[in-house]
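Biologist: I would like to learn how to read helices and their packing, step by step. Could we look at an example together?

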Amino acid sequence: MILRDEAGRIIFAACRALYSCNDALEAELSACLEGLSSSIQRSELSIEVEMDSLVAVSMITCGDFDRSIYSSLVNDIRSLLSSHQSCITLVVRSQNKVSDILASYGRTNRRTMTWVGSGPPEVLEL
């Protein structure tokens, strides 16, 4: 996850190793929840969440009651979105390379890390 200001400067970047995860959808929803929560704690600005998972974005933005196995994650995300000036949008995967790099970093290094005002070298290159 990465939080940028209105000029595109990095406020913080983070990755986390998930030791128990059913599938990619759970990883996407978990990252969204953690990123949104961290962003709300670190910034008073409005927050725009960008995700490249159509299924995850649809689950979050759908007005229906969620009955999936991920309902608690979806409900927590919806609650955070409604408590702060924020929105969620779908972006194509090629526009989400930084998040992909951070996810790979956490998965391959099996580490949870946060960079304040920076990120790993691969992120800074993008």
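Biologist: How are α1 and α3 oriented to each other, roughly parallel or roughly perpendicular?

Modeller: Please keep in mind that this is a predicted model. To judge orientation, we look at the angle between the two axes, and here the axes of α1 and α3 cross at roughly 30 degrees and come within 10 Å. Angles under 35 degrees count as roughly parallel, and α1 and α3 are therefore roughly parallel to each other. Their crossing is left-handed, and the contact involves, among others, Leu-29, Leu-33 and Leu-36 of α1 together with Leu-73, Ile-77 and Leu-81 of α3.

Biologist: At what angle do the axes of α1 and α2 cross?

Modeller: The axes of α1 and α2 cross at roughly 55 degrees and come within 9 Å, which makes α1 oblique to α2. The crossing of α1 and α2 is right-handed, and its contact is made by Leu-25, Glu-28, Leu-29 and Cys-32 on the α1 side, and by Val-55, Ala-56, Met-59 and Ile-60 on the α2 side.

Biologist: Turning to a single helix, which residues of α3 are buried?

Modeller: A general idea helps first: an α-helix has 3.6 residues a turn, so residues three or four places apart point the same way. In α3, the buried residues are Leu-73, Val-74, Ile-77, Arg-78 and Leu-81. Because they cover an arc of only 130 degrees around the axis, they lie on the same side of α3. The face turned away from that buried side carries Ser-82 and Ser-83, which are exposed.

Biologist: What do the buried residues of α3 pack against?

Modeller: They pack against two helices, α1 (24–42) and α2 (54–61), and also against β4 (86–90).

Biologist: How many residues does α3 have, and how far does it reach?

Modeller: Helix α3, covering residues 71–83, has 13 residues, and from its first C-alpha to its last it reaches 18 Å, which is close to the 18 Å expected at 1.5 Å a residue.

Biologist: Finally, is His-84 buried or exposed?

Modeller: For a residue outside a helix we can ask the same kind of question, and His-84 is placed in the loop between α3 and β4. Its relative accessibility is 16%, and since buried means under 20%, His-84 counts as buried. Leaving aside residues up to four places away in sequence, His-84 touches Ile-40, Ser-43, Glu-44, Leu-45 and Ile-47.

Notes
Residues are numbered from 1 along each chain as its sequence is written. This is a predicted model: local features need pLDDT of at least 70, side-chain atom pairs count only at pLDDT 80 or more; totals for chains, interfaces and linings use all residues. Side-chain values use heavy atoms; hydrogens and water are left out. Helices (H or I, at least four residues) and strands (E, at least two) are DSSP runs, numbered from the N terminus. The expected span of a helix is 1.5 Å times one less than its number of residues. Buried means under 20% relative accessible area, exposed over 50%, partly exposed in between (1.4 Å probe, protein chains only). The arc is that of the directions from the helix axis to the C-beta atoms. Contact means heavy atoms within 4.5 Å. Axes are lines fitted to C-alpha atoms, for helices over the stretch in contact, and angles run from 0 to 180 degrees between N-to-C directions. Angles under 35 degrees count as roughly parallel, over 145 as roughly antiparallel, 65 to 115 as roughly perpendicular and the rest as oblique. A crossing is left-handed if the near helix is turned anticlockwise from the far one by less than a right angle, and right-handed if clockwise.
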